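Reader: I've got a fresh model open and would like to talk it through before I set anything up. Can you take me around it?

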Amino acid sequence: MKIIVEAGTENRPEQGEFKMKQIVVISGKGGTGKTVLTASFAALSKNKVMVDCDVDAADLHLLLHPTIKVRHEFRSGKTARIDKDLCQGCGECINACRFDAISQDFAVDPVSCEGCTICSYVCPSGAITLEENISGEWFVSHTKYGILVHAKLGIAEENSGKLVMVVRQAAKDIAEKEGLEYVIIDGPPGIGCPVIASLSGSDMAVVVTEPTVSGIHDMQRVVQVAGHFGIPTKVVINKYDINLENSESIKQICEQADIEVVALLPFSRQVSESIVQGIPLVEFSSNGIAGDIALLWERIK
Amino acid sequence: MIVTVASGKGGTGKTTIAVNLALALRNIQFLDCDVEEPNAQLFLKADIRSRKAATIRVPEVDEALCNYCGRCREVCAYNAIAVLALDEDIKKGSILIFPHLCHGCGGCTLLCPQNAVKEVNKEIGVIEAGNAGELEFIHGRLNIGEIMSPPLIRQVKEYINPEKTVIIDAPPGTSCPVIASLKGSDFCILVTEPTPFGLNDLILAVEVLRKLELPFGVVVNRSDIGNDKVDSYCLEESIPILMRIPFDREIASLYSKGIPIIEEKKEYIGKFREMFDFIMSINQKSFVM
C-alpha cells in the first residue's frame, strides 16, 4: 500500500458523486467515553477508515486490535547540539534562547529546546548544529473492522498537532482511494493544538459529555471551538443518569445554541467490562447502552 | 514543595485528587495548569481578585523599513512568516505572518538586517488569581481557537510561591502541555483507573516521568472496577500506590455537583493527609539517594 501525505489538500473539491464524511468524536473533558463510542461506531459502520488522533495517549487500538501493515517514522522539529570542542563559552546562545534550554555549562535540555535554531545563528564559533528529531511513529493497520490509522508520539515529544494532521491526511487519502464513505476520528481531550488539528476540515463533530459541572464547562468550550471552525456539532450525554438535573441543563444549553442532543446514554458497568474484554461495547452486548449506541449511529451516519 | 497531579488518560480524577489534597492541607497555593479545560475553580470557587491577559510575543514587520530580503522567513523554524520578494516594477513585496504558528523565539527580530521586525503582544488567554479561604488560587484559561497552551502554562507557573506547598493540576496526556506543567515539580501524583485504557496511558505517563527524572506515585481511582493489572504493573515496576478510591455513586454524585469529597465524607481528610505525609517521606528518601 502506498500512502501519499500532502499538505494543503484540505479543501480539495469532491470528485464526481463520491462524498466522504469525516466524523470526529471529541469531548473537551477527558474520560467521557470518546474511545468507547468511536470503537462502537467502527463496529457498526461499513465502508470506513478509523483514525486515532489522541496521539499522546492512544487507546483505540486496545479495542480494535490492529495488525500493523505499514510503519512510518514521524520526523518533526529539531534539537540543538553544541560541539564542546568548538564552543568558546561566550554565552550568546544562552542569552538568545527564549526557552531556557541551554544551561550555564552549555548543555542543551532536549525537552525544553523547541528547535527554533536561533542559537545556531548567534553562535560566533559555529559550534551549534541542529539535529532532526524522530518524534514518533505512525501506522496503517488492518483490523477486523477495516483500516485503522494510528500513531505513537515519542516520549516527551512535541508537535502532537502536526502528527494528528499527518494521520488524518493519510486516512483521508485512503478513504478517497478506496471510495470509503466514512472517516471516523477518535479525538483527543482539551481544546488546543491536537484538538483543532482533529477538527479542522471535518464534516461533523460529535461532542461526548457527562452531566457533571466539569463535563458541562468543558463541553461549552469545545462546542465553541467547533463553532469557531464552522464544524456542525451534535452532543451525546454519557452517564446521563448520574445527575439528571445537570443532564437537563446540558439539554437547555444545547437548545439555546441550536445544537442537537443526539443521545442520552446511561451509566453502565458494561462499559468498563467491555474495555477489560478489549472489544467494542456494541459487540460486548446488544441490549441496554449498546442498543442506544446503535440507534445513535443511525441518527448521525 | 511542588506536587503536580497528572495522568496519561483524561477523566481519571486529577482534579478530584488535586482539589481534595489541597483542601486537606494548610498553607497551600493551588495552580490549575489545565488551561484548555480548567475545572478546579468549579470545586474551589475561589474569590477571583485579579485578572491579567496572558500574551505571547509575535512579530510585526514595518514595511517602510523592510526590503523583502526573506531573511526572517529563512530563520523561522515554524514557517510562521511568508515573504513575497520585491517586485522591481512596483517596488513592492509582501509579508504574511501566521501568528498561531509562531513560538515566540524572537529570531526574526534579532536577525533582520533592516531592523524592520519588532515583537508585539498577542493575547492567548487570561490568568486569574484569588483565594478560597486561606488557599491561594491561580488558573489560566486559554482563549477559544488558540492552539498553544504551553506559554500560558509557563505564565501561570510564574506565580509559584516557594514558601507554600504548591499543588498543580496538570492537563491530561503526555505531550508538551503536560511537560510544561511538570517541569520544576518535586513530585508527581499519577492518577489512573484499573482498566486497560488506564494502564496503557499510565505506562506512557511513567515513561515521561522517568525521562524527566521526577519521583512519582500512583493513585488508583475507581479501584474496584476493571482488573488488577495496574496493581501488578506498579508492583513489578516498584511504583508506590499512594491511595485507592473505590467506585462510589456518592462520590460520583458529589463530583457531578462540584462538591469536594472531603466536604461530605470527612474520613477522606485523614486519607489525603496520610498520602501527603507518605509523599514527603518518599521525597526525602529520593533526595538522599
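Author: Sure, and keep in mind that this is a predicted model. A good place to start is helix 1 of chain A, residues 34-44. Helix 1 lies across strands 1, 2, 6, 7 and 8 of chain A.

Reader: At about what angle does helix 1 of chain A run to strand 6 of chain A?

Author: Strand 6 covers residues 182-186 and is one of the strands that helix 1 lies across. Angles here run from 0 to 180 degrees between N-to-C directions. For helix 1 and strand 6 of chain A the angle is about 160°.

Reader: Which strands of chain A are the edge strands of the sheet?

Author: The sheet is open, has 9 strands and shows mixed pairing. Its order in chain A is 3-4-5-2-6-1-7-8-9, with an average twist of 20° from one strand to the next. An edge strand pairs on one side only, and in chain A that applies to strand 3 (67-82) and strand 9 (260-264).

Reader: What is the bridge partner of A:Val208 in strand 8 of chain A?

Author: Strand 7 of chain A spans residues 204-209, and strand 8 spans 233-237. The two pair in the parallel sense over 5 bridges. In strand 8, the partner of A:Val208 is A:Val236.

Reader: How far apart are the C-alpha centres of domain 1 and domain 2 of chain A?

Author: The domain assignment gives domain 1 as 21-65 + 144-300 and domain 2 as 77-134. Their contact takes 5 residues from domain 1 of chain A and 4 residues from domain 2 of chain A. On the domain 1 side, those residues are 1 nonpolar, 2 polar and 2 charged. The C-alpha centres of the two domains lie 41 Å apart.

Reader: Over which residues of chain A is the pLDDT below 50?

Author: Chain A has a mean pLDDT of 92, and 94% of its residues reach 70 or more. One stretch falls below 50, and beyond near neighbours in sequence it has 16 contacts in the model. Where pLDDT is low, the predicted coordinates should not be read in detail. The stretch in question is residues 1-16 of chain A.

Reader: What share of the residues of chain A count as buried?

Author: The chain has 301 residues, with 11 helices and 9 strands, and its C-alpha trace spans about 70 × 45 × 40 Å along the principal axes. A residue counts as buried if 20 or more other C-beta atoms lie within 10 Å of its own. By that cut-off, the buried share of chain A is 52%.

Key:
Residues are numbered from 1 along each chain as its sequence is written. Chains are lettered from A and ligands numbered from 1 in the order in which they are written. This is a predicted model: local features need pLDDT of at least 70, side-chain atom pairs count only at pLDDT 80 or more; totals for chains, interfaces and linings use all residues. Domain bounds come from an automatic or database domain assignment. Two residues are in contact if their C-beta atoms, placed from the backbone, lie within 7 Å. Ala, Val, Leu, Ile, Met, Phe, Trp, Tyr, Cys and Pro count as nonpolar, Asp, Glu, Lys and Arg as charged, and the others, Gly among them, as polar. pLDDT is the predictor's confidence in each residue, from 0 to 100. Two strands pair if DSSP finds at least two bridges between them. Helices (H or I, at least four residues) and strands (E, at least two) are DSSP runs, numbered from the N terminus. A residue is buried if 20 or more other C-beta atoms lie within 10 Å of its own, exposed if 12 or fewer, and partly exposed in between; C-beta atoms are placed from the backbone.
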